[in-house]
4 protein chains.
Amino acid sequence: MPGSNFGTLFHISTFGESHGPALGVVIDGCPAGLALTEEDIIPYMNRRRPGQSQYTTARSESDTPEILSGTFNGVTTGAPIAILIRNTDQRSKDYSEIADIFRPGHADFTFFEKYGIRDYRGGGRSSARETAARVAAGAVAAKLLREFNIEAIAFTKSISDITVDDKFLDPMENRVRRDDVLKSPVFMPDSAAGERACAFLDKKREELDSTGGVVRIHVTGLPAGLGDTVFEKLDARLAGALMSIGAVKGVTIGDGFSVSLSTGSLDNDSFYADDDLNIHTTSNHGGGILGGMSTGCMIIAEAAFKPTPSIAKEQETVDKAGISRKISIKGRHDPTVVPRAVVVCECMVNLVIADALLTNATARLDNLHKIYRR
Amino acid sequence: MPGSNFGTLFHISTFGESHGPALGVVIDGCPAGLALTEEDIIPYMNRRRPGQSQYTTARSESDTPEILSGTFNGVTTGAPIAILIRNTDQRSKDYSEIADIFRPGHADFTFFEKYGIRDYRGGGRSSARETAARVAAGAVAAKLLREFNIEAIAFTKSISDITVDDKFLDPMENRVRRDDVLKSPVFMPDSAAGERACAFLDKKREELDSTGGVVRIHVTGLPAGLGDTVFEKLDARLAGALMSIGAVKGVTIGDGFSVSLSTGSLDNDSFYADDDLNIHTTSNHGGGILGGMSTGCMIIAEAAFKPTPSIAKEQETVDKAGISRKISIKGRHDPTVVPRAVVVCECMVNLVIADALLTNATARLDNLHKIYRR
Amino acid sequence: MPGSNFGTLFHISTFGESHGPALGVVIDGCPAGLALTEEDIIPYMNRRRPGQSQYTTARSESDTPEILSGTFNGVTTGAPIAILIRNTDQRSKDYSEIADIFRPGHADFTFFEKYGIRDYRGGGRSSARETAARVAAGAVAAKLLREFNIEAIAFTKSISDITVDDKFLDPMENRVRRDDVLKSPVFMPDSAAGERACAFLDKKREELDSTGGVVRIHVTGLPAGLGDTVFEKLDARLAGALMSIGAVKGVTIGDGFSVSLSTGSLDNDSFYADDDLNIHTTSNHGGGILGGMSTGCMIIAEAAFKPTPSIAKEQETVDKAGISRKISIKGRHDPTVVPRAVVVCECMVNLVIADALLTNATARLDNLHKIYRR
Amino acid sequence: MPGSNFGTLFHISTFGESHGPALGVVIDGCPAGLALTEEDIIPYMNRRRPGQSQYTTARSESDTPEILSGTFNGVTTGAPIAILIRNTDQRSKDYSEIADIFRPGHADFTFFEKYGIRDYRGGGRSSARETAARVAAGAVAAKLLREFNIEAIAFTKSISDITVDDKFLDPMENRVRRDDVLKSPVFMPDSAAGERACAFLDKKREELDSTGGVVRIHVTGLPAGLGDTVFEKLDARLAGALMSIGAVKGVTIGDGFSVSLSTGSLDNDSFYADDDLNIHTTSNHGGGILGGMSTGCMIIAEAAFKPTPSIAKEQETVDKAGISRKISIKGRHDPTVVPRAVVVCECMVNLVIADALLTNATARLDNLHKIYRR
């Protein structure tokens, strides 16, 4: 499938450039009968919106989603759900200065190499603004998952080397409260760490520089056996989904890279049965996924973000003609992309899980017999 | 797509269980006109084959691939290429002991939960033997890539905390020689580190335990601009492909998780032009990918493998009825999956790059004019 | 893929209901570098628009397409092209009368059975208004094809038993002029037949009834060898595309059903070479397709449309509760869907051919060498 | 997807040339828990096999399918089901005479134009032998459909102008018995017509010529609402599937092309409710499909086949160099492809319906609640 399509059964197709008239998404495959209005989407849009705090860019985008199709009387009909987000802040700036320059750490060069043409207004399709459409779609997926008591919650695990307290990282139990995350200006559930992170970000901004961080996602409520095998393993889908977010350079499930230092006897999660003979694991090194399918334990994923490439500090680069140029990115830019990326990570996870939920419905003959019974 | 399908234009569909009659793959979309025989595939199969050294399992599998279709007089015709690998070592063992038990760290439980039925002979579809089909397909992709001087080479970066020398990890120049990798029993290009790793593996085996490690892949020869945007970014595809290999719990591109600790001024790779006005970067923190597309620099990816879950040490678990059981996995098992996984990683990368190469051909109108000229 | 998605490389995703806020399409995969503005789309929209003549419904829809993304300075950038068409005539009517009734010949019943919910305002997603999005996408495909001198032209072959003159049906040479088609109120290139058809339609309207007809499509300029094999044959794709238009009950290629009465010696199209040794066929019973690929001869396809199901005449039916009801469809309805469907057929053919054109680019290794030459 | 792939959830990937080592299919997405052995497939293979009667070619192909994967103890496990059919009659013939000649009515020319290379042994991938893999897959789909009392039955409606009695074409009730079809040498349920057809075929063979015919398919037992909307309508999928069979030049649903001559008041199928308030139609002009979804009435489709292109009569053609050549196809060829194509049509319909059955399972939120109930 072309690059702006995602998902097999809960399928989305996104569009829109940073400074074009609008962005949006078409969701095809959302089951009929789900209550859905713009009110379900707006809170997610707000979490992604810049200008939410002093640590995110001040460019004002109202990001009001409009549902154009697929619902009737506030309920999904099975028809494609199109969601439109108009760009309200696209005044005609003078981009002539950067039109021919390849900004370091940005996709200007690679877009030009691939397509031979480039929409240089604010990065065009390569702008982080593209993720607004992902968030709108992920909010719909979240609404669907809630029907089955499945919930993903993403939060900032670290900004540079400032990391939340270990208790929020317990793999056996989700100790992260959504409210705590949402009230933090950097979306850290740990307010003390959050304050240190804010101070660090202030310092980076003063230095005209930027920093990276790690987003962590917990998913609770999944039944065991969700996901697919071989190439469409749940962890493979999550890894692809998270790595598709601009600035992500690493993705892990469960214990991640530290498994390479462990031993089988330590890393294997043992099974036990509770009093109702339901089967669980005594530990969760695997991050809730085994053989590509959910174990029933909490799913844990992490994504590492590189520092914001747009910095005010002067950098060396070249233009289209190969001439050396110096550039210092003007305007107010986030000293880190992490806070705004938190909801994007959560939404990508929602999309993957929703797709897996639909797909799994047809994995067993007895499931079909439940639906097509006579 | 169902889980055993992969790729858009260079599409593969794999099949086969550990102890069924055969495994194999159908490649649909390989361009016509490529010289191809079994001789191109066998060396790749041999690298994955168990029993290659004392650090891989002794179960004998000849793994001889048979091309069933898609070539004529040693050249691809554009028709699907089916490759069959018969299982030669599938004597009827007594599996009754493990038929009802869920092995820790294995997919027995999740397969049973998803499908309600499980082929327990050697793990069935969840066996690492499944990767034989990936390797056969990846060998064909490698042959295609060689036409364009593109080459992926994978190697063992580390086993537990034993890591190859830094010179092999230079992001600006590939210092890893295929010969050095292939002559190492653990596929490390650094023979000194390789020896230490072997000693460590001997120790783990004596302890009836196992260990993990990291595989690293370098891709050279790519033109800039290869890959797609948004969801099908080259790094997203690589992450999904590598994470789909059993036992992988983390994937990185370029500097990986350490970017979260860096700053924009350090992490951004600056552009410069050479004397021919070709554009390059002065560093390669990004691992050869920017905005989801290749920069022309070497692509660098890593995958972290958990310790082999099959260990001789006694472990706690349960059976289907929820009854507590003790299990010590019999037979000769690898103390680490890493060496055999090296070629699997390389082949998954080949498949992703081949698909991207085909897809990119249609990204520009002027490309089409080159083909459909009058 | 879910039902509103179409195409592999030239991929579209449509949305919108008859009386919702808007319809539209996202095109993902259109090559970069194609000149494209709304002016390329409007003429196609106008051909589909109702109220064009007395033989099409008077409901006024301005159908002005707005390109929301994917172009920059009037040229495609390779990013998804979203096209929006606002519904301007969606005043709140009283639908309570038909909300619970299943109209004969309409999809009311089947939508309700599949989804358990139904947007009854004007048929919702099942309305012919859905085809506006197809036409917008097909206009873009037409612009792409024109780059390669490929052109599809659709026209009304017959309305009921009134058929255009045989000269317009010559399989060896396209004698249909676009101008002649466009100036006819029923889109027949034969003005005499067109007049008879108009008289017949007047009669049907007076009888409060409707009629069917046949649309024929000619495609010229195709190189030989375009299309795919087995399931994605060019004729298979065309048949699926045309049959997906509401009210189509039959599709043919070339001589169609009459081949069942022919003989091999008559039906086989013989090959010959011209003075430049280019190979052609002496006849074109096959409609320009052989083994699923283009022969270089004109492609000929036909689609049979059933009579408009919305008729003023009283009909028997039932409501959701199974109670017998009588219904006579109010409002002004076309006595035939054929004239408005002509451009829809043409656009579906454009979409299929554009997709095949992109796909074929990667069928041969030497094509890739033309693109990735060093 | 590349051309040898078909289906979204019940996905197949076929391979194999006429004179290569083997043909086969990989089915990915068949639900776990279905009883399946080779015995379920063999009867379907036998119906397609040549040499079944004097009206089909004598080339002996045992066509014994071997299930290589995806079942365990005779039950599907959810893993891909690979089915292999070895070519047993591939003695090395001398093909040098036809290696450079383009046979009229065959895909030799178009394959060569697309791929620049051609497996000329018996037509290679373009041989009707390719359909053996479709039949093996369709037999598995049939087994799945039987679980839900859904059955497709295909039969020869006509050979040239010899047509079965009208009673077998009743659209409201399936009067075609499988036994009657199978015992006829031309698979006509009407033995009198069958005898006339046989005599006609004898005559054509004596004339060194061939003839065409029409295959009709009835599907019974479908619930209402099966199928999808817009591009993936059930009739669109059926049309694409049937047109993808070599030699098919026309496809219809229900009344087919005759609807173009009808009126709305005659063509609309009226709804009524039975004593249990289940809703039905009083007629079935629509062939069991309305708006792309099943009405619950019998589904009726037809496919028109052109005469066998391989005829002993001398024909004019050219070779690769453009030199005029005369050709008379040697060997024993069917005077019509229709009888052997009957089971192929049935199997393609089975594949489409099975895919729709799986897809529909996820169309409604309440379906998912039936599966994921707590």
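Here are four short exercises on a predicted model, each with a worked solution.

**Exercise 1.** Work out how much area chain D and chain C bury between them, and which residues of chain D supply the most.

*Solution.* Start with who touches whom: 104 residues of chain D are in contact with 104 residues of chain C. Next, look at the area, which comes to about 7900 Å², with 62% of it on carbon and sulfur atoms. Now pick out the main contributors on chain D: D:Lys114, D:Phe231 and D:Lys249 supply 11% of the area that chain D buries against chain C, more than any other three residues.

**Exercise 2.** Find what links chain D and chain C across their interface, from salt bridges to paired strands.

*Solution.* Begin with the charged side chains: there are 2 salt bridges across this interface. In one salt bridge, C:Lys114 meets D:Asp228, at 3.6 Å from N to O. That passes the test, because the cut-off for a salt bridge is 4 Å. Then add the polar contacts, which join 34 residue pairs between the two chains. Helix H3 (residues 108-115) of chain D brings 7 residues, the largest share of the side of chain D that touches chain C. Sorted by class, that side has 42 nonpolar, 39 polar and 23 charged residues. Finally, check the strands: E11 (residues 248-253) of chain C and E11 (residues 248-253) of chain D run antiparallel, joined by 3 bridges. Within this pairing, C:Gly250 sits opposite D:Thr252.

**Exercise 3.** Now do the contact of chain A and chain C: which three residues of chain A supply the most buried area?

*Solution.* Each chain puts 41 residues into this contact. Together they bury about 3100 Å², and carbon and sulfur atoms give 64% of that. On the chain A side, A:Leu68, A:Phe72 and A:Ile117 supply 20% of the area, more than any other three residues. For the charged links, count 2 salt bridges, including the one between C:Glu66 and A:Arg86 at 3.1 Å, N to O. There are also 10 residue pairs in polar contact.

**Exercise 4.** Lay out the five-strand sheet of chain B and say which strands stand at its edges.

*Solution.* Write down the order: E1-E2-E3-E7-E4, an open sheet with antiparallel pairing. Read off the edges: strand E1 (5-6) and strand E4 (65-67) each have a single partner strand, so one side of each is left without a neighbour in the sheet. Then zoom in on E4(B), which pairs with strand E7 (residues 81-86) of chain B over 3 bridges. One bridge partnership there is B:Ile67 with B:Ile83.

Methods:
Residues numbered from 1 in each chain as written. Chains lettered and ligands numbered in written order. Predicted model: local features only at pLDDT ≥ 70, side-chain atom pairs only at ≥ 80, totals over all residues. Heavy atoms only, no water. Contact = heavy atoms within 4.5 Å. Buried area = accessible area lost by both parts, 1.4 Å probe. Polar contact = N/O pair within 3.5 Å; in protein donor to acceptor, adjacent residues only side chain to side chain. Helix = DSSP H or I, 4+ residues; strand = E, 2+ residues; numbered from the N terminus. Nonpolar A, V, L, I, M, F, W, Y, C, P; charged D, E, K, R; others polar. Pairing = 2+ DSSP bridges.
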